[in-house]
Amino acid sequence: MQTHNSDFTLTSNDSQRQMLLIPRSQRRSFFIQFSILTLLGWVVGGIASIALEKTIVETIPPSIFQQHLTWYSLGKSFSSNLIFALIFGADQAIVVRRYVSGWLWLLATSFGWLIANSVSTAWISYISAIAASSNLTLSANQTVILGILSTFLYIFSGIWLGFCQFMVLRRYTKDAWWWTFLPSVSFFFISISIWLLSVVQDFIPEANRTQILYLSGQGLTAVILGVVPAIGLCRLKKSRHTNGISSSS
């Protein structure tokens, strides 16, 4: 009787493991690979977007973009953000494609990132314009309030990225609604990290302060964008009608 109960427990545990999107035996390797490739995508995407902007500036004659400054700025910004989003999404898809469609993840991540970035940039620019257009000098409290509001809007914009990725994950997993808010959690930790860097900036030598703060901020951002989703993916459970995704997805 005891042997029967033991076999039943083992069978039940095996069934639970099979229901996980990322099997327990693969979690560690998946976590490391996803985090590293997200970091790589952030670095390579950033370099590529900067290089593209530089190429556009050097290719287009100054007389042309001076006459159409608004369209030029929008086009340059969109092009650089697009190349970054595609590289960023593609690097994550290399790992994720073993469990969900890689092409869908690439498209969802790229599209979601573009929307989130555009929305947060637009709101923050709008708030900055209101502050700059004020004839009165802002008080310390008003400055803090505007800063908190800008940070909140940045964090809230992550919902767009989460929603786009959720539309892919819902095909393969169950009860994944909370994923919509997961990128906002990442953006929250990023905001906290950037704030902590600003607190300790006085302890950094002034000669290298700007470079160190920039590289530290970029590094922490990339790590958080890799670690938080990796943990989230390891928590997801397969949908019962999912039969698995081939490695060529």
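Where in the chain does Asn 117 lie?

1. Asn 117 is a residue of helix 5, the helix that runs over residues 102-133. This is a predicted model, and what follows should be read with that in mind. Because its relative accessibility is 23%, Asn 117 counts as partly exposed, given that buried means under 20% and exposed means over 50%. Along the chain, Asn 117 and Tyr 154 are 37 residues apart, yet their C-alpha atoms are separated by 8.4 Å.

2. For the chain as a whole, the secondary structure comes to nine helices and two strands, and the order in which they follow one another along the sequence is α-α-α-α-α-α-α-β-α-α-β. Of the 249 residues in the chain, 34% are buried. If one takes the contacts with a separation of 6 or more, 78% of them are between residues 24 or more positions apart.

3. Ser 150 belongs to helix 6, which covers residues 140-156. Its relative accessible area is 15%, so Ser 150 is buried. When the neighbours within four places in sequence are left aside, Ser 150 is in contact with Ile 124 and Ile 127.

4. Helix 7, residues 158-169, allows a simple check of length, because its twelve residues at 1.5 Å a residue should span 16 Å, and the end C-alpha atoms are indeed 16 Å apart. The buried residues of helix 7 include the two glycines Gly 158 and Gly 162, together with Leu 161, Phe 166 and Val 168.

5. Asp 175 is found in the loop that lies between strand 1 (173-174) and helix 8. Its phi is near 55°, which is a positive value in a residue other than glycine. With a relative accessible area of 59%, Asp 175 is exposed.

6. Helix 9 can be checked in the manner used for helix 7: it has 27 residues, and from its first C-alpha to its last it reaches 39 Å, close to the 39 Å expected at 1.5 Å a residue. Among the buried residues of helix 9 are Gly 217, Thr 221, Ile 224, Leu 225, Val 228, Pro 229 and Cys 234.

7. How do helix 8 and helix 9 lie against each other, and at what angle do their axes cross? The axes of helix 8 (residues 182-200) and helix 9 (residues 209-235) come within 9 Å and cross at roughly 155°, which means that helix 8 is roughly antiparallel to helix 9. The crossing of these two helices is right-handed. On the side of helix 8 the residues that meet helix 9 include Leu 182, Phe 189, Ile 190 and Leu 197, while helix 9 contributes, among others, Leu 213, Leu 220, Ile 224 and Val 228. By class, the residues of this contact divide into 13 nonpolar, six polar and no charged.

8. Helix 9 also meets helix 2 (residues 27-59), and the axes of these two come within 8 Å and cross at roughly 145°. This crossing is right-handed. The residues of helix 2 that take part include Arg 27, Phe 30, Phe 34 and Trp 42, and those of helix 9 include Gln 218, Ala 222, Leu 225 and Leu 233. The contact of helix 2 with helix 9 has 13 nonpolar, five polar and one charged residues. Leu 225 of helix 9 is listed in the contact with helix 8 and in the contact with helix 2, and Leu 225 is also one of the buried residues of helix 9.

Terms used
Residues numbered from 1 in each chain as written. Predicted model: local features only at pLDDT ≥ 70, side-chain atom pairs only at ≥ 80, totals over all residues. Heavy atoms only, no water. Helix = DSSP H or I, 4+ residues; strand = E, 2+ residues; numbered from the N terminus. Expected span 1.5 Å × (residues − 1). Buried < 20%, exposed > 50% of the residue type's maximum accessible area, 1.4 Å probe, protein only. Axes fitted to C-alpha atoms, helices over the stretch in contact; angles between N-to-C directions. Parallel < 35°, antiparallel > 145°, perpendicular 65-115°, else oblique. Left-handed = near helix turned anticlockwise from the far one by under 90°. Contact = heavy atoms within 4.5 Å. Nonpolar A, V, L, I, M, F, W, Y, C, P; charged D, E, K, R; others polar.
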